[in-house]
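Got your viewer ready? Let's take a short walk through this model, one selection at a time.

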Number of protein chains: 2
Amino acid sequence: MEAYAHGRHRDAIAAHGLEIRTLPVDSGGASVSELGDADAALLTPAHQFPFGSTLAPERRSLAVEWALDRDRLLIEDDYDGEFRYDRRPVGAMQALAPERVVYAGTASKTLVPGLRLGWLVLPANLVEEVVTVKARSDWHTSSLEQLTLAEFIASGDYDRHVRRSRLAYRRRRDRLAAALGEDVRIAGTAAGLHALLELRAGRSEANVIARAAERGLALEGLGAYRTGAHRHGPALVVGYATPPEHAFTAALARLKAALAD
Amino acid sequence: MEAYAHGRHRDAIAAHGLEIRTLPVDSGGASVSELGDADAALLTPAHQFPFGSTLAPERRSLAVEWALDRDRLLIEDDYDGEFRYDRRPVGAMQALAPERVVYAGTASKTLVPGLRLGWLVLPANLVEEVVTVKARSDWHTSSLEQLTLAEFIASGDYDRHVRRSRLAYRRRRDRLAAALGEDVRIAGTAAGLHALLELRAGRSEANVIARAAERGLALEGLGAYRTGAHRHGPALVVGYATPPEHAFTAALARLKAALAD
């Protein structure tokens with residue numbers, strides 16, 4: 001898995017007794033040349049979480065080749081790929097090797113995480129086993145909500161909602177970037193609902209987070225997402241989708257003040 | 001677990017590598033005197049599934065003593081205890097030994113199985129571990145549906161719905177009993193949404209099921225729920241909650257015809 005990643009993924013993998021190896025991440029996504037003899041890889045190619053970078057085209061090819069040549073499984077977590085702002089959407093890696101890539105999508109970002117609705121596109125030989133494991137866990141996900149989402153998608157309203165949201169979130173991203181001072185570098189904003197604010201070397205994530213908390217702003221540090229030995233400089237992971245519209249200007253001012261302290 | 005039981009329970013237990021031992025069931029519920037040195041027991045005390053009997057008072061006491069004396073865990077699956085028709089509701093065993101009994105309830109029978117909403121009352125020392133395992137499986141159940149159910153309960157509408165449904169289902173149960181011929185004994189109808197129709201010895205469950213299917217009626221045989229060596233005579237497990245009201249009279253006639261063949 002990627003050296004910076006969702007803590008729940010790390011916990012789930014570890015809980016199943018698997019050994020975790022990590023790939024360094026940078027502005028080109030994960031260093032997939034280091035996949036080596038791993039049995040499987042979990043990547044966030046469209047928008048690395050929490051780094052925000054997109055997996056570079058040559059790395060995409062390399063990862064797919066790795067999975068095909070070595071007969072390994074690649075898990076493509078596309079948690080916010082619907083929100084790409086500055087260029088055309090990146091195609092799913094799954095399409096390049098449908099029998100070696102598991103594609104995972106979710107309504108958590110496009111609609112709301114409380115729904116707990118997501119989907120997998122699976123290699124054919126995994127479908128039965130995954131269905132069995134899912135059934136053993138909770139039989140199935142709520143029929144009412146699945147049917148409601150299906151109708152929302154079929155009617156075209158889901159796509160309209162995503163397009164409208166994409167505009168609104170891009171505007172927020174631009175306002176966030178414009179609000180920041182000179183000594184903070186913003187990264188990872190080509191897509192998604194969070195940005196990486198890189199702090200000057202030597203500045204403490206914990207300090208900025210504490211100052212933000214005093215102002216009623218909940219921030220997270222990049223360090224909280226670290227798995228393994230690779231270390232990046234201090235940075236904040238800032239989700240900009242959460243504040244209601246009327247509170248967004250004030251939230252930006254508080255963030256700026258916390259960073260300036 | 002009980003010798004006749006829900007197949008999904010058996011599968012889930014086996015999938016976790018646990019050895020399954022079975023307790024015979026009869027009109028007094030499970031023979032809990034045979035619990036012996038098991039590590040844990042899964043029972044359906046209020047309404048044995050699929051047998052339909054209620055755990056006899058002396059067996060309830062015995063099972064609770066077993067759990068307390070031997071420091072064992074008892075899982076009380078109360079899947080349809082809201083629907084008790086002929087006498088006062090049976091209290092939960094959980095109340096007799098809150099630190100040794102896990103109580104499981106569900107909205108599947110009172111509302112709809114597609115909701116996938118249920119609840120556990122847990123011994124205090126298990127709460128954290130169960131929350132962790134649940135979170136690892138799916139983080140949490142849909143917030144929207146949980147909040148909606150909470151409001152439904154708090155408003156009193158859930159209780160009103162259960163009372164109204166109880167009357168409607170009791171009427172259906174009575175109509176089912178009245179419709180059956182002499183050579184079929186109906187059992188397990190003090191509670192719940194299904195009845196056990198005991199066939200004359202020598203009659204084949206499969207034959208009656210096939211005849212019912214020809215008439216558009218989906219029945220299940222008791223044999224499909226058997227785990228372990230204990231064998232009961234041929235019987236049908238008939239859920240009477242499913243047909244819409246306008247189709248119930250016709251469904252009864254088809255059942256009677258299938259039984260008469």
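Before the first stop, a word on terms: a pocket here is an open set of grid points with protein on both sides within 12 Å along at least five of seven lines, and its lining residues have an atom within 4 Å of a point. Keep in mind, too, that you're looking at a predicted model.

Start by selecting Asp78(A), Gly81(A), Glu82(A), Val90(A) and Tyr103(A). Of the 13 residues lining the second largest pocket, these are the ones nearest its centre. The space itself comes to about 270 Å³. Colour the lining by residue type and you'll get six nonpolar, five charged and two polar residues.

Next, zoom out and show both chains. Turn chain A by 180°, with a shift of 0.0 Å along the axis, and it lands on chain B with an RMSD of 0.0 Å. That is how a two-fold axis relates two copies. Want to find the axis? Click on Ser137(A): its C-alpha sits 3.5 Å away, the closest approach of any residue in chain A.

Now for the interface. Select the contact residues and you should have 19 from chain A and 19 from chain B. Together the chains bury about 1,600 Å², with carbon and sulfur atoms giving 55% of that area. Pick out Arg8(A), Arg116(A) and Trp139(A) here: they supply 34% of what chain A buries against chain B, more than any other three residues.

Last stop: what holds polar atoms together across the interface of chain A and chain B? Look for eight residue pairs in polar contact. Don't hunt for salt bridges between these chains, though, as the rule finds zero.

Key. Residues are numbered from 1 along each chain as its sequence is written. Chains are lettered from A and ligands numbered from 1 in the order in which they are written. This is a predicted model: local features need pLDDT of at least 70, side-chain atom pairs count only at pLDDT 80 or more; totals for chains, interfaces and linings use all residues. Side-chain values use heavy atoms; hydrogens and water are left out. On a 1 Å grid over the protein atoms alone, a cavity is a set of points where a 1.4 Å probe fits but cannot get out, and a pocket is an open set with protein on both sides within 12 Å along at least five of seven lines; lining residues have an atom within 4 Å of a point. Grid points are joined across faces, edges and corners, and a volume is the space filled by probe spheres set on the points. Ala, Val, Leu, Ile, Met, Phe, Trp, Tyr, Cys and Pro count as nonpolar, Asp, Glu, Lys and Arg as charged, and the others, Gly among them, as polar. Copies are superposed by least squares on the C-alpha atoms of residues with pLDDT of at least 70 in both. Contact means heavy atoms within 4.5 Å. Buried area is the accessible area (1.4 Å probe) that two parts lose on being put together, summed over both. A salt bridge is a side-chain nitrogen of Lys or Arg within 4 Å of a carboxyl oxygen of Asp or Glu. A polar contact is a pair of N or O atoms within 3.5 Å; within protein, one must be able to donate a hydrogen and the other to accept it, and residues adjacent in sequence count only if both atoms are side-chain atoms.
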